[in-house]
Amino acid sequence: MISKFVINSKNNSNMKFKPANKIQDLQYFGEFGGVNPSISDSSTYTFLSAKKMLDTFEGHAEGCYLYSRHASPSTLYLGEALAAMEGTETANVSGSGMGAITTTILHYCGAGDHIVSSRTIYGGTYAFLKNFAPRFNIDTSFVDITKLDLIEAAITENTKIIYCEAVSNPLLEVADIKRLAQIAKKYGIHLLVDNTFSPMSISPKELGADVVLHSLTKFINGTNDTMGGAVCGSQELIDSLRSVTNGSSMLLGPSLDSMRAASILKNMRTLHIRIKQHSKNALYLAEQFENLGLRTVYPGLVSHPSHELFKSMMNEEYGFGGMLTIDVGSLKKANELMELMQHENLGYLAVSLGFYKTLFSAPGTSTSSEIPEEEQKEMGLSDGLIRFSIGLDNDIKRTFRLMRRCMNKINILKINHELQETI
Ligand SMILES: Cc1ncc(COP(=O)(O)O)c(C=O)c1O
C-alpha cells in the first residue's frame, strides 16, 4: 500500500487552487522509514495465494501489484503527486508524453470517431492525429483554438473529444479552457488539455477540463535526463486505461520504469521554485527583446493577444511560463543566431524545454517539421521563428546583454545597439 497522507490545503487559506501546497502536503514513509519512498526494483510481484492473483487480475485487490506494465509502487507514487498538482482524482504515468497522449486519445476514440483539435499543437501530436489516427478511421478537424465559434462549428455527431494545449507549442496560443469546457459539456464530449508548457501556472482541471496531459520530459522533470508522460483524470478513466482486458495503456504498453518514476518524483518537489524562476527570466527577456524591436511572443507581454485571458486563468505566483518566441526574419538568420548563442555559452541549440540552461530551436525545421510547409505558413509559423525555453539563470540581465551582443553581431536589430554596459 502507498503510505501517504494528503492534507487538504484548501482548508488552509482562501479557496484558490494551490498546486505547490498539494505537492508539499504529500507525506511519505518509505519501506524502511526513509523520507523518500523505496523504489520498487521489480517487474513482477508475488502473490501469497492463487486466489489473490486472480482477484488482482480482475481488479479487485486494492494495494496488490501484478506486473510493472500495469503499475508499480513507484509509478503510483509519481501518479499521485501529479494528480495532486493538477487537482484530479488520480493519474497514470507513462514512458513519454506521446505515450500518454496517444493512449488517451485511443481510449476515447475508435473507428468512425472524430476529434476537434487545435491546429497549433506539438508536431508529434499533430502527426499522430493527421497521419496515424486515420489508419484507424479516426478523423481530426484542425481549428484555430482561439476562435471558439469555429471550434463549435467543427463538432459533428461523431466528435468524441476536443484536444488542445493550454499554451500551444510553438506559437504560444492560449486556450480559453473555461469556455472550451462549456462547449464540450454542451455536446457531451470530453476536453483534453496538454499542460506541458504551463505546469503550476495553469490548472486545466480547475477550469473545467476533463483530462490533463503532460510530457514529464520537460519542466516537470526539469533535468533533461529522462522521458516521461502523464494522464491526469478521474479514477474511472485511469482504471480503464490500465484494464488488463481492453486498456489502451496496459495493452500498448508505454510504461515508465520505476527508477525513472522515483527520480521524476524527487524533481517535482522543486518544480514551484523552478517555474517561478523560468517565468521571471522569460518575462524579463521578452520585455527586453520587444524593446529591441524584435517580434516577440510571450503570454506575459501586454502585446500578446491572449494576455488578459492567461491572466484570468493563471495561478498568479508562477508567472507566464518559461517559453517565448522571437522572429528574426529568416531561417538563415535564426540558425546564425542560435549557433552564435551556443558558441557564447548562452544555452544549447536543442529541442525540448524546461532545462536549467536556455534551449533554443527553430520549430519550422525541428519540433514542428511534421506540419507541412503550407500549413505552417497558414498558422503563422514563419521560417525565422526561434523558440526559447528560458533557463534558470541567476543573472538574467547579464544573459540579456550577451544575447543582445550576439544579435548585434549578426545584424538582426533595426538599431545597432552599441554595448554600453560592461559585462
Ligand atoms: C506540448 C508537448 N506535448 C507533448 C510532447 C511529447 O512529449 P514526449 O517528447 O515526452 O513524448 C511534447 C514534446 O516536445 C510537447 O512539447
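# Reading a predicted model through its definitions

Author: Asn137 lies in the loop between α5 (123-132) and β3 (139-143). Helices (H or I, at least four residues) and strands (E, at least two) are DSSP runs numbered from the N terminus.

Reader: What should be known about the model and its numbering?

Author: The model is predicted, with pLDDT of at least 70 required for local features and 80 or more for side-chain atom pairs, while totals for chains, interfaces and linings use all residues. Residues are numbered from 1 along each chain as its sequence is written, and side-chain values use heavy atoms, without hydrogens and water.

Reader: What makes Asn137 worth noting?

Author: Its phi is near 60°, a positive value in a residue other than glycine. Most residues other than glycine have a negative phi, and most peptide bonds are trans.

Reader: Which peptide bond is cis, and where does its proline lie?

Author: The bond from Asn169 to Pro170 is cis, with omega near 5°. Pro170 belongs to the loop between β4 (159-165) and α7 (177-186).

Reader: How do you know which atoms make polar contacts with the ligand?

Author: A polar contact is a pair of N or O atoms within 3.5 Å. An oxygen atom of the ligand is 2.9 Å from an N or O atom in the side chain of Asn169, so this pair meets the cut-off. Another such pair has a ligand oxygen 2.6 Å from an N or O atom in the side chain of Thr217. At Met98, a polar backbone atom is 2.8 Å from an oxygen atom of the ligand. Taken alone, the ligand exposes 390 Å², and the protein buries 93% of that (Shrake-Rupley areas, 1.4 Å probe).

Reader: How many residues surround the ligand, and which helix gives the most to the shell?

Author: The ligand is surrounded by 15 residues (each with a heavy atom within 4 Å). Among the closest are Asp194, Ser215 and Lys218. Helix α4 (residues 97-108) gives the most, with three residues.

Reader: Why are α3 and α10 called roughly parallel?

Author: Helix α3 (residues 73-86) and helix α10 (residues 258-268) pack at about 30°, with their axes 8 Å apart. Angles under 35 degrees count as roughly parallel, over 145 as roughly antiparallel, 65 to 115 as roughly perpendicular and the rest as oblique. The two helices are therefore roughly parallel to each other.

Reader: What makes α13 oblique to α15?

Author: The axes of α13 (residues 331-343) and α15 (residues 396-409) come within 10 Å and cross at roughly 135°. That value makes α13 oblique to α15.

Technical notes: A polar contact is a pair of N or O atoms within 3.5 Å; within protein, one must be able to donate a hydrogen and the other to accept it, and residues adjacent in sequence count only if both atoms are side-chain atoms. Axes are lines fitted to C-alpha atoms, for helices over the stretch in contact, and angles run from 0 to 180 degrees between N-to-C directions.
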